[in-house]
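Here are my notes for someone opening this entry fresh. Have the viewer ready and follow the points in order.

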Amino acid sequence: MIEVSIGHYLTLGAIIFTIGVVGIFINKKNIITILMSIELILLAVNINLVSFSIYLQNITGQIFTMFILTVAAAEAAVGLAIIVIYYKNKGSIDVEQISSLRG
Amino acid sequence: MLAHTFFFYFFSGIAILSSLMVTLSRNTVYSVFFLILVFVSISILFIMIGAEFLGMIMLIVYVGAVAVLFLFVVMMLNVTEIVNKKNLKKKIINYRSVASLVGLIILLEMLIVVSGWKYKETFSVFSSININSEISNTHAIGNVLYTDYILLFQISGMILLVAMIGAITLTFKKKENVKRQKYFEQINREKDSSISLVEVESDKGVKLND
């Protein structure tokens, strides 16, 4: 308990991942919070990769964390652009009302 | 070691509480602020366990770029005050049961994975790229990133380029009454399409058709 090992870091990653997944489900108000939950999920993945990288003394995990950062930034940019253009067209970003595709 | 334990519990507690607040907060601006708090405390943890370059990069990329982008969009869309309708609330309760079920299952799965850690002796370090303690973390990443992973590095650059072009084309709006350059038409102009010789009669002048 006193000694912080890799299990602590993995548990932290698991908790943040779970909060992110649940956040996608319970946030039916606006889509921006859903995007933020996706960022939380990617952050949890980063925690796992970095802690394993330190534990195994292998730098590859940190390299892949950088690539995940790149993908997360690109995803945020494109997602927010889609939200902006949708708000311009419809005047609302309520997830319940987005049903043009009959999904 | 005691300091490490104390800092780990402190920052991870802050990270967990504020990531809860990200999903539960009514106000979207508060959610963005709590997201920033999560990223800051996680990057502090990264720096603490020796991945200092990634911690700094996370501060720059997430807090400096992504969170500010979120804030800009929240500001532009005017969605901070969400009106909660009564029929919506019922649906949220329905989703809550499903969401807690899914979340519980995922958490249990990952707890099982963590508890299987006693088999760690069967894990093997199967890479020749090891962390050298004599050089710094940034140096070690730079050694590998531009040599072994150069292809992935350039592909991630392409991903950023495509995302930038996509974001611009999505939000680009053609305005009326703005003169723009038409490169091909301008280059393709010939002499006989732009100059015309007119016989001018005296005392009459010339009427040009625009």
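Is A:I63 buried or exposed?

1. Let's settle that one right away. This is a predicted model, and in it A:I63 has a relative accessible area of 0%, so the residue is buried. You'll find A:I63 in helix α3 of chain A.

2. Who sits around A:I63? Setting aside its neighbours within four places in sequence, A:I63 is in contact with B:I141, B:V144, B:L145 and B:Y149. Those partners carry the letter of chain B, so keep both chains on screen when you look at this spot. If you want a landmark within chain A, try A:S53: A:S53 and A:I63 are ten residues apart in sequence, and their C-alpha atoms are 9.4 Å apart in space.

3. Now zoom out to the whole interface. On the chain A side 74 residues are in contact, and they meet 82 residues of chain B. The area buried between chain A and chain B comes to about 7000 Å², and carbon and sulfur atoms give 80% of that. As for salt bridges between chain A and chain B, the count is zero. Polar contacts do turn up: three residue pairs between chain A and chain B, with both residues at pLDDT 80 or more.

4. Which elements of chain A give two or more residues to the side that touches chain B? They are α1 (6-26), α2 (31-55) and α3 (60-90). The biggest giver is α3(A), with 24 residues on the side of chain A that touches chain B. Sorted by kind, the residues on that side of chain A come out as 49 nonpolar, 18 polar and seven charged.

5. On to the rings. Over all chains, the structure holds seven aromatic pairs. Take A:F64 and B:Y149: their ring centres are 6.0 Å apart and their planes stand at 85°, so this pair is edge-to-face. Since A:F64 lies in helix α3 of chain A while B:Y149 lies in the loop between α5 (137-145) and α6 (150-171) of chain B, the pair joins two chains. The partners are not equally covered: A:F64 has 35% relative accessibility and so counts as partly exposed, whereas B:Y149, with a relative accessible area of 14%, is buried. You've met B:Y149 before, by the way, as one of the contacts of A:I63.

6. Another ring pair to look at is B:Y146 with B:F153. This one is edge-to-face as well, with 5.1 Å from centre to centre and 85° between the planes. B:Y146 has 49% relative accessibility, so it counts as partly exposed; B:F153 is partly exposed too, with a relative accessible area of 29%. Elsewhere, ring pairs link A:Y9, B:F8 and B:Y9 into a cluster.

7. Stay with B:F8 and B:Y9 for a moment, and add B:S12, which is in helix α1 (residues 2-24) of chain B. Where does the side chain of B:S12 reach? The backbone oxygen of B:F8 is at 2.6 Å from that side chain, and the backbone oxygen of B:Y9 lies 3.4 Å from a polar atom of the B:S12 side chain. B:S12 has a relative accessible area of 6%, so this residue is buried. Not counting residues up to four places away in sequence, B:S12 touches A:L12 and B:L45.

8. What does chain B look like as a whole? Chain B has eight helices and zero strands, so to speak a plain α-α-α-α-α-α-α-α pattern when read along the sequence. Of its 210 residues, 25% count as buried. Among the contacts in chain B with a separation of 6 or more, 51% come from residues 24 or more positions apart.

9. One backbone oddity to finish. Most residues other than glycine have a negative phi. A:Q57 has a positive phi, near 55°, and is a residue other than glycine. A:Q57 lies in the loop between α2 and α3 of chain A. With a relative accessible area of 39%, A:Q57 is partly exposed.

Definitions and conventions. Residues are numbered from 1 along each chain as its sequence is written. Chains are lettered from A and ligands numbered from 1 in the order in which they are written. This is a predicted model: local features need pLDDT of at least 70, side-chain atom pairs count only at pLDDT 80 or more; totals for chains, interfaces and linings use all residues. Side-chain values use heavy atoms; hydrogens and water are left out. Contact means heavy atoms within 4.5 Å. Buried area is the accessible area (1.4 Å probe) that two parts lose on being put together, summed over both. A salt bridge is a side-chain nitrogen of Lys or Arg within 4 Å of a carboxyl oxygen of Asp or Glu. A polar contact is a pair of N or O atoms within 3.5 Å; within protein, one must be able to donate a hydrogen and the other to accept it, and residues adjacent in sequence count only if both atoms are side-chain atoms. Helices (H or I, at least four residues) and strands (E, at least two) are DSSP runs, numbered from the N terminus. Ala, Val, Leu, Ile, Met, Phe, Trp, Tyr, Cys and Pro count as nonpolar, Asp, Glu, Lys and Arg as charged, and the others, Gly among them, as polar. Rings of Phe, Tyr and Trp (its six-membered ring) pair if their centres lie within 6.5 Å; planes under 30 degrees apart count as stacked, over 60 as edge-to-face and the rest as tilted. Buried means under 20% relative accessible area, exposed over 50%, partly exposed in between (1.4 Å probe, protein chains only).
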